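Student: I would like a close look at one part of this structure. Please pick a helix and show me how it sits among its surroundings.

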Amino acid sequence: MLMDDMGWGDLGVLGQPSKETPNLDAMAAQGMLLTNFYTANPLCSPSRAALLTGRLPVRNGFYTTNAHARNAYTPQEIVGGISKDEILLPEMLKKKGYVSKIVGKW
């Protein structure tokens, strides 16, 4: 599960004293909790593209709002989004029997 704009200490399971995340805390208690993970970008589209492809956002054609993020090392054929030829993580997981879902603006 990837959540934008959430800090590691914002969940009850990781020490948030208000305990306002009981469903997420239950999921963590019943499943696997990985605590050493960072997103590839603080913005939603680049971080989601990186999670789906395993590539840095700049390699997918996704950038931050910072004009300096566009650089000469970006292959021009992929500027503007994920290539249709890209093999995505959900496609690989589906072959192994997993089900995935994206919820949000996308």
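Tutor: Here is a walk from one helix outwards to the rest of the chain.

This is a predicted model. The chain has four helices and zero strands. Read along the sequence, that gives the pattern α-α-α-α. Our part is helix H2, which covers residues 44-53.

Start with burial. A residue counts as buried when its relative accessible area is under 20%. Eight of the 10 residues of H2 pass that test, so the helix is largely enclosed by the rest of the structure. The buried set begins with Cys44, Pro46, Ser47 and Arg48. It continues with Ala49, Ala50, Leu52 and Thr53. Set that against the whole chain: buried residues make up 21% of its 106 residues.

What do the buried residues of H2 pack against? Their partners are helix H3, residues 57-60, and helix H4. The model's confidence is not equal for these two. Among the elements of the chain, H3 has the lowest mean pLDDT, at 78. H4 has the highest, at 94. For the chain, the mean pLDDT is 77, and 79% of the residues reach 70 or more.

Now step off the end of the helix. Just after H2 comes Gly54, with a positive phi of about 80°. Then look at Arg55, in the loop between H2 and H3. The side chain of Arg55 meets that of Glu86 in a salt bridge, at 2.7 Å from N to O. Glu86 lies in the loop between H3 and H4, so the pair ties together parts that are 31 residues apart in sequence. How many salt bridges does the count give? It comes to one. The two partners differ in cover. Glu86 is buried, because its relative accessible area is 18% and the cut-off is under 20%. Arg55 is partly exposed, at 37%.

Move on to H4, residues 89-95. Here we meet a nonpolar patch on the surface. H4 gives the most to this patch, with three residues. The patch is formed by Phe37, Leu51, Ile87, Leu89, Met92, Leu93 and Tyr98. Together they have about 690 Å² of accessible area. Take Met92 as an example. Met92 sits in helix H4. It is partly exposed, with a relative accessible area of 45%. For scale, the accessible surface of the chain comes to about 8500 Å². Carbon and sulfur atoms hold 56% of that surface.

Finish far from H2 in the sequence, with the segment before helix H1. Leu11 lies in that segment, and H1 itself covers residues 22-30. Is Leu11 buried or exposed? Leu11 counts as buried, because its relative accessibility is 12%. Leu11 touches Met6, Gln16, Thr21, Leu24 and Asp25, leaving aside residues up to four places away in sequence. Take Thr21 from that list. Leu11 and Thr21 are 10 residues apart in sequence, yet 6.0 Å apart in space, C-alpha to C-alpha.

One last number covers the whole chain. Consider the contacts with a separation of 6 or more. Residues 24 or more positions apart account for 35% of them.

So keep three points about our helix. H2 is largely enclosed, because eight of its 10 residues are buried. Its buried residues pack against H3 and H4. Just after it comes Gly54, with its positive phi.

Conventions. Residues numbered from 1 in each chain as written. Heavy atoms only, no water. Patch = residues over 30% accessible without salt bridge, like charges linked within 9 Å, V, L, I, M, F, W, Y side chains within 5 Å. Areas by Shrake-Rupley, 256 points an atom, 1.4 Å probe, with all protein chains shown as cover. Salt bridge = Lys/Arg side-chain N within 4 Å of Asp/Glu carboxyl O. Helix = DSSP H or I, 4+ residues; strand = E, 2+ residues; numbered from the N terminus. Buried < 20%, exposed > 50% of the residue type's maximum accessible area, 1.4 Å probe, protein only. Contact = heavy atoms within 4.5 Å. pLDDT = per-residue confidence, 0-100.
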